[in-house]
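This report describes how the strands of one chain are paired and which side-chain contacts accompany them. Please keep the sequence and the structure in view while reading.

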Amino acid sequence: MAALSKILRNAEGNILNFKCPGCNMVHGIRYGTDPQKDWYWNGDAEKPTFHPSILVEYEHMSIEGSNRSRAFYKEHGRYLTREELPYDLKDICHSFVTNGRIQFLSDCTHALANQTVDLPEWT
């Protein structure tokens, strides 16, 4: 990934990546190749604006799920397959990015729901 600014990285295939302070993950959007499928980007790497909203849904393990996974390994001597993994939590991060700030919508499952903050710098 090439740095475009302190807050944006450019990846192959017209993908822009930014760090999300709500879910502590990197989010990426594809821009400019297909107006029907891609996001609009204002072209500003310092204060980006993207449209439409960015919706990220992800599954992960609770502490109990992680403990079940470790117990399975100890008992059976093998790791669980992707289909067997106890991903028992689903989280949502839904936001708008406008002028370098990220507005988290009310359906977010993290602590920054209904808040607007600056996009963080990559460290």
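A residue is called buried when its relative accessible area is under 20%, exposed when that area is over 50%, and partly exposed in between, with a 1.4 Å probe and protein chains only. The model is a predicted one, in which local features need pLDDT of at least 70 and side-chain atom pairs count only at pLDDT 80 or more, whereas totals for chains, interfaces and linings use all residues. Residues are numbered from 1 along each chain as its sequence is written, and side-chain values use heavy atoms, with hydrogens and water left out.

## Strands and their pairing

Strands are DSSP runs of E with at least two residues, numbered from the N terminus, and two strands are said to pair if DSSP finds at least two bridges between them. Strands of a sheet pair through backbone hydrogen bonds, either parallel or antiparallel.

Strand β2 (residues 9-11) is joined to strand β3 (residues 15-20) by 3 bridges, and the two run antiparallel. Within this pairing, N10 stands opposite L16 of β3. The hairpin that β2 and β3 form has 3 residues between the strands, and G13 takes a positive phi near 85 degrees there. Strand β3 also pairs with strand β4 (residues 25-30), in the antiparallel sense and over 6 bridges; here L16 has I29 of β4 as its bridge partner. In the hairpin of β3 and β4, 4 residues lie between the strands, and N24 in the turn has a positive phi of about 55 degrees.

An open sheet of 5 strands follows the order β5-β6-β7-β8-β9, with antiparallel pairing. Because β5 and β9 (116-118) stand at the edges and have a single partner strand each, one side of each is left without a neighbour in the sheet. At one of these edges, β5 (residues 40-41) pairs with β6 (residues 50-60) in the antiparallel sense over 2 bridges, and Y40 has H51 of β6 as its bridge partner. Strand β6 is in turn joined to β7 (residues 89-98) by 8 bridges, again running antiparallel. Along this pairing, I54 stands opposite S95 of β7, while H60 has L89 of β7 as its bridge partner.

## Charged side chains

A salt bridge is taken here as a side-chain nitrogen of Lys or Arg within 4 Å of a carboxyl oxygen of Asp or Glu. The structure holds 2 salt bridges, which are set out in the table.

| Acidic residue | Basic residue | N to O distance |
|---|---|---|
| D38 | R30 | 2.6 Å |
| D118 | R101 | 2.7 Å |

The pair of D118 and R101 links distant parts of the chain, since D118 lies in strand β9 and R101 in strand β8 (residues 101-104), 17 residues apart. R101 is partly exposed, with a relative accessible area of 34%. In the other salt bridge, D38 counts as buried at 9% relative accessibility, whereas R30 is partly exposed at 34%.

Where does R9 stand among the charged residues? R9 is found in strand β2, and it is buried yet has no salt bridge, the nearest side chain of opposite charge being that of E121, 8.5 Å away. For this purpose, Lys and Arg count as positive and Asp and Glu as negative, while His and the chain ends are not counted. A polar atom of the R9 side chain does, however, lie 2.7 Å from the backbone oxygen of S5.

## Aromatic pairs

Rings of Phe, Tyr and Trp (its six-membered ring) pair if their centres lie within 6.5 Å, and planes under 30 degrees apart count as stacked, over 60 as edge-to-face and the rest as tilted. A search of the whole structure finds 3 aromatic pairs. The rings of F18 and F50 are stacked, because their centres are 5.9 Å apart and their planes stand at 25 degrees. With F18 in strand β3 and F50 in strand β6, the pair ties together parts that are 32 residues apart in sequence. F18 counts as buried at 0% relative accessibility, and F50 likewise counts as buried at 0%.

Y73 and Y79 form a stacked aromatic pair as well, at 4.5 Å centre to centre and with 25 degrees between the planes. Of its members, Y73 counts as partly exposed at 37% relative accessibility, whereas Y79 counts as exposed at 63%.

Technical notes:
Polar contact = N/O pair within 3.5 Å; in protein donor to acceptor, adjacent residues only side chain to side chain.
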